[in-house]
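Trainee: Could we go through this model together, step by step, so that I learn how to read it?

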Amino acid sequence: MQKTNKNIMKPKQEIFGNNGTWTEQVQLQEELQNIGYNIVSCCTCSTTFIHRNGADIEYLICPYCGTEAELCNFSDLFYNGMPEAD
Ligand SMILES: [Zn+2]
């Protein structure tokens, strides 16, 4: 039997979702948080990185510049109420 790729006939929107809006980016960020991960921006070098969520995590260390700071100093990459790009 010939192997088929089910995604070939699906509309692009159905495969990739609509990630082109800020609202969708916030929703995707929240989905990641719900499964135990988060994407944040470093408070020193502004680079983004992924970390695990958990009640026991109080400090983060940026893998790029080595800054170690309390979790609250690293802002979520996308969040409700954030200023949107032009
Ligand atoms: Zn950094």
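The questions below move from the whole chain to its sheet and then to single residues.

Trainee: What pattern do the helices and strands follow along the sequence?

Mentor: Keep in mind that this is a predicted model. The protein has two helices and five strands, and when we read along the sequence, their pattern is α-α-β-β-β-β-β.

Trainee: In which order do the three strands of the open sheet lie?

Mentor: Let us build the order from the pairings, beginning with β1 and β2, which pair in the antiparallel sense over five bridges. Strand β1, residues 37–41, is also joined to β5 by two bridges, and these strands again run antiparallel. With β1 paired to both β2 and β5, the open sheet has the order β2-β1-β5.

Trainee: Which are the edge strands?

Mentor: An edge strand of this sheet pairs on one side only. In the order β2-β1-β5, that description fits β2, residues 48–52, and β5.

Trainee: Which helix packs on the sheet, and what angle does its direction make with that of β1?

Mentor: The helix that packs on the sheet covers residues 22–34 and touches both β1 and β5. This helix is α2, and its direction makes with that of β1 an angle of about 130°.

Trainee: What are the bridge partners of S41 in β5 and in β2?

Mentor: Strand β1 is joined by bridges to β5 and to β2, and we can follow S41 towards each of them in turn. In β5, the residue bridged to S41 is S75, while V40 has its bridge partner at D76. In β2, the partner of S41 is T48, and the two names you asked for are therefore, for β5 and β2 respectively, S75 and T48.Trainee: Which residue in the hairpin of β1 and β2 takes a positive phi?

Mentor: Between the two strands of this hairpin there are six residues. The phi in question is near 65°, and the residue that takes it is S46.

Trainee: Is G81 buried or exposed?

Mentor: G81 is found in the segment after β5, whose residues are 75–76. A residue counts as exposed if 12 or fewer other C-beta atoms lie within 10 Å of its own, and G81 has 5 within that distance, so G81 is exposed.

Trainee: What distance separates the C-alpha atoms of G81 and V26?

Mentor: Along the chain, G81 and V26 are 55 residues apart. In space, their C-alpha atoms are separated by 9.6 Å.

Note on methods
Residues numbered from 1 in each chain as written. Predicted model: local features only at pLDDT ≥ 70, side-chain atom pairs only at ≥ 80, totals over all residues. Helix = DSSP H or I, 4+ residues; strand = E, 2+ residues; numbered from the N terminus. Buried ≥ 20, exposed ≤ 12 C-beta atoms within 10 Å, placed from the backbone. Pairing = 2+ DSSP bridges. Contact = placed C-beta atoms within 7 Å. Axes fitted to C-alpha atoms, helices over the stretch in contact; angles between N-to-C directions.
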